[in-house]
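The following exercises concern charged pairs and one loop residue. Work through each task with the structure at hand before reading its solution.

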Amino acid sequence: MAIELAAVWVRTMTCADIVRELERSLDILSTSARNAPEKHQSMRTTFESSWNLLDEDLRTTLRKLALFRGGFTREAAKAVALVTLSQLVALVDKALVQLDTSTGRYSLHELLRQYLLEKLYEAGERAAVAQRHYHYFLALAQRSEAHAFGGEQITHFDVLETELDNLRATLTDSIASEDGLQLAATLGWFFSERAHWREGFDWLERALSANKDAPVTLRAKALHSAGALAGRFDTQQAQSYFSEALLLARAANDPWNTAWARPTWRFSD
């Protein structure tokens, strides 16, 4: 149905423009055809019809899944959306949530996710769910960081790679706050080892710019992470970040960040 509704706009808009409009609102997916059943005249009315058939418990559960991007695990659904196994099973049975049996991951259709995000805002629950989403993925990143130099690095970084869309979503939400700086810095080794050099650097640069008064040790860690990533494409910029990290770490008597900031000398003449 969504394809049929979107096809109407192909005569007047490019596919890229249609996608951009869809990201703003579901209302583009509608038709004025009088012979179409009312519940098939727009995706919104189709979703409303399904929504109205749910009891309040499942409505609450379903809208809290809207912040996940790129799918989610049962553990993540429990921690972020407070979903029980029986609720998750009920949503799968109703075809509102999809389960990939080969990976054990769950997902929402993107159009449904956008509709549910509106419901989450209307319920005034968006901020609370976003906080749980952030803390869940920060903890995931911290566990992976702890294994950055061990034999389990590949396993842990594979998990982060799978959850990259969720990590990007929570970074986007939090990047202007100290929380965002903390997450970006924690992901430094992942970005470096998995060759997300430019993306990782961009997140860190944005977070550092927005959090100039963050704790010195946190800024030093973020600065040396940014320097390590910048070193892959701009050694002069990398040296600048390493130098600032070293100054801050020494001023704070922080031996860990002092040691890690020393690669600045690799870029010295």
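**Exercise 1: salt bridges**

The count of salt bridges comes to 16, each being a side-chain nitrogen of Lys or Arg within 4 Å of a carboxyl oxygen of Asp or Glu. The model is predicted: local features need pLDDT (the predictor's confidence in each residue, from 0 to 100) of at least 70, side-chain atom pairs count only at pLDDT 80 or more, and totals for chains, interfaces and linings use all residues. Residues are numbered from 1 along each chain as its sequence is written, and side-chain values use heavy atoms, with hydrogens and water left out.

Task: determine which parts of the chain are tied together by arginine 69 and glutamate 110.

Solution. Step 1: the two side chains form a salt bridge at 3.9 Å, N to O. Step 2: arginine 69 lies in the loop between helix H4 (56–63) and helix H5 (74–81), whereas glutamate 110 belongs to helix H7 (residues 110–122), so the pair ties together parts 41 residues apart in sequence. Helices here are DSSP runs (H or I, at least four residues) and strands likewise (E, at least two), numbered from the N terminus.

**Exercise 2: accessibility**

Task: classify glutamate 56 and arginine 63 as buried, partly exposed or exposed (under 20% relative accessible area, in between, and over 50%, respectively; 1.4 Å probe, protein chains only).

Solution. Step 1: glutamate 56, at 45%, is partly exposed. Step 2: arginine 63, at 9%, is buried. Step 3: their side chains meet in a salt bridge of 3.8 Å, N to O.

**Exercise 3: a loop residue**

Task: locate asparagine 211 and state its burial.

Solution. Step 1: asparagine 211 sits in the loop between helix H13 (197–210) and helix H14 (216–230). Step 2: its relative accessible area of 8% makes asparagine 211 buried.
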